[in-house]
Structure formats: C-alpha cells, structure tokens
Amino acid sequence: MSGPRRPPGLLGATRVLLERELDLAWNGGGGPLLACGFFACLTAVLPLAVGGDPRTLGPVAGGIAWLALALASLLSLERLFERDLDDGALDLLALGHLPLESVVLIKALAQWIAVGLPLALTAPVAALALGLPPALAPLTAVSALIGAAGFALTGTLGAALALGARRGGLLIAVVVLPLFIPPVVFGAGVLERAASGQPVASALAFLCAYVLFAAVVTPLAGAAAVRNAQG
C-alpha cells in the first residue's frame, strides 16, 4: 500500500504548469496555426498591394516580414489570462506552489514555444516570398526566434495589464504595439545589414538586450497587474 501522495515540488509544479499552458495554446482557438496562417496571408497580400517588382520589395522585405511577425504575435494574447480568470483557475494558480511572477514567466515561455517557434519557422519562407535573398534564410529564422521571445514576453505583460477590462483584445493591442517597435526595428536592421554585407552582431545584441530587459520586467509588472485584477 503506497503512502500519502506528496505535493509536487517547484520543478514539478513548473513542468505541470508549462505542459498545461502548451496544451491550452495548441488546442484553443487555432493557436499557432491561426498565427502562422495570418502571417502567411499578410506577407502574401502586401506584395499584391505594392506590386511584385523585386527592386521595390527587396529593400523593404525584412521590415515587412518583421511587421507581419509582430502583428501575428498579437492574435492569441487575449485569452492568455482571461480564460483562467473566467473559470477560477487564476485564483488557484495564485495560491499554488509557484509565485505569481513565475506563473507569468511560464505563460510567456509557453507562448514563445507554442506560437513564437512556429512563426520563426514560417518567417524565412515569408521573407523569401517578399524577395529577401535565400542566403539570409537561416539568419531570418534565428533573429525571428529571438524576436518572438520578446513579443511573447511583452505580449504576456500586455495581456496581464488588460485583464478584466472590456474589449481586452483592443486594449492589449494599444498597450503592446508600442512595445513591439524596438524588436521590429532591431530585427529588420539585422536583415538590412546582412543584405548590404555589413556586420549584424550589434543589431543582434540590441535584439537580445531587449529580450533580457523584457524577461526582467514582465514577471514583476505582470504579477502586479494580475493581483490588481483579482482585487
């Protein structure tokens, strides 16, 4: 006869929460398929609007790809905390083994894995369709993966700030889009410098610095916003 079941430790609680968030992200509302579909459609429509001349699209291909990546990252943010608030799971998470700051960070990590990684894999295809040189496809994927981490972190913060508000999706966009400007600028700069034969280390360093800054700010500010929404 087995003894009493032990409660999970910090690592066990982290693993369980991460698996839960990944399952919700993949199975709820289209998840990464919706984001990737939107990303692909947007990058396909823009050349039709401005013309398919490679001389026109080539210089702005990186910027268009990064703008589309930022907009696609917005789609799944609204339900990140709202569904947990509606069904009472957020109260249980706040009383669980993990501090609320860790819960926010794990949600951002799950968002990055479930949505950011598929978008990063889609980014080279979209950039090539816009006229980016094929040799830059690996760099596009790597920079998009780093930038997607920044989008996931700041997007999670925006979702926490909009928690409980009416028209939360619109409020998230208003809060998050200005925060998406630095990674879009740095990410497009990486591809622009690479296309012109210049070193890309400085632009990548700025992109990584943004992600590290967001990783520090998002858990603290996001947890405070969640506590405020819970009353």
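Which helix does L139 lie in? Exercise 1 takes this up. The model is predicted.

**Exercise 1. Place L139 and describe its surroundings.**

Step 1. Find the element. L139 lies in helix α8, which covers residues 137–161.

Step 2. Judge burial. Buried means under 20% relative accessible area. L139 has 17% relative accessibility, so L139 counts as buried.

Step 3. List the contacts. Set aside neighbours within four places in sequence. L139 is then in contact with V190, L191, A194, V200 and L204.

Step 4. Compare sequence with space. L139 and P124 are 15 residues apart in sequence. Their C-alpha atoms are 8.4 Å apart in space.

**Exercise 2. Give the overall make-up of the protein chain.**

Step 1. Count the elements. The protein chain has 10 helices and 0 strands.

Step 2. Read the order. From the N terminus on, the elements run α-α-α-α-α-α-α-α-α-α.

Step 3. Take the buried share. The chain has 231 residues, and 44% of them count as buried.

Step 4. Look at contact range. Take the contacts with a separation of 6 or more. Residues 24 or more positions apart account for 81% of these.

**Exercise 3. Is Q111 buried or exposed, and which residues is Q111 in contact with?**

Step 1. Find the element. Q111 is in helix α7, residues 100–129.

Step 2. Apply the cut-off of 20% for buried residues. Q111 has 6% relative accessibility and therefore counts as buried.

Step 3. List the contacts. Neighbours within four places in sequence are left aside. Q111 is in contact with S73, S76, L77, L80, G116 and A152.

Step 4. Pick out A152. Q111 and A152 are 41 residues apart along the chain. Their C-alpha atoms are separated by 5.8 Å.

**Exercise 4. Describe how α1 and α5 cross, and which residues meet there.**

Step 1. Know what to report. Two packed helices are described by the angle between their axes and the distance between the axes.

Step 2. Read both values. The axes of α1 and α5 (residues 79–87) come within 11 Å. They cross at roughly 105 degrees.

Step 3. Name the arrangement. Angles of 65 to 115 degrees count as roughly perpendicular. α1 and α5 are therefore roughly perpendicular to each other.

Step 4. Identify the residues. α1 brings R20, E21, L24 and A25. α5 brings R79, R83 and D84.

Step 5. Sort the residues by class. The contact has 2 nonpolar, no polar and 5 charged residues.

Step 6. Focus on D84, which is found in helix α5. D84 has 0% relative accessibility, so D84 counts as buried. Residues up to four places away in sequence are not counted here. D84 then touches R20, E21, A89, L90, L93 and K107.

**Exercise 5. Describe the largest pocket and its lining.**

Step 1. Recall the approach. Rolling a probe the size of a water molecule over the atoms shows where empty space is left.

Step 2. State the volume. The largest pocket has a volume of about 240 Å³.

Step 3. Find the residues at the centre. The lining has 12 residues. The closest to the centre of the pocket are A13, L92, L93, G96 and H97.

Step 4. Assign elements. Those that give two or more residues to the lining are α1 (10–27) and α6 (89–94). α1 gives the most, with 4 residues.

Step 5. Sort by class. The lining divides into 9 nonpolar, 2 polar and 1 charged residues.

Terms used
Residues numbered from 1 in each chain as written. Predicted model: local features only at pLDDT ≥ 70, side-chain atom pairs only at ≥ 80, totals over all residues. Heavy atoms only, no water. 1 Å grid on protein atoms, 1.4 Å probe; cavity = no way out; pocket = protein on both sides within 12 Å on 5 of 7 lines; lining within 4 Å. Points joined across faces, edges and corners; volume = space filled by probe spheres on them. Nonpolar A, V, L, I, M, F, W, Y, C, P; charged D, E, K, R; others polar. Axes fitted to C-alpha atoms, helices over the stretch in contact; angles between N-to-C directions. Parallel < 35°, antiparallel > 145°, perpendicular 65-115°, else oblique. Contact = heavy atoms within 4.5 Å. Buried < 20%, exposed > 50% of the residue type's maximum accessible area, 1.4 Å probe, protein only.
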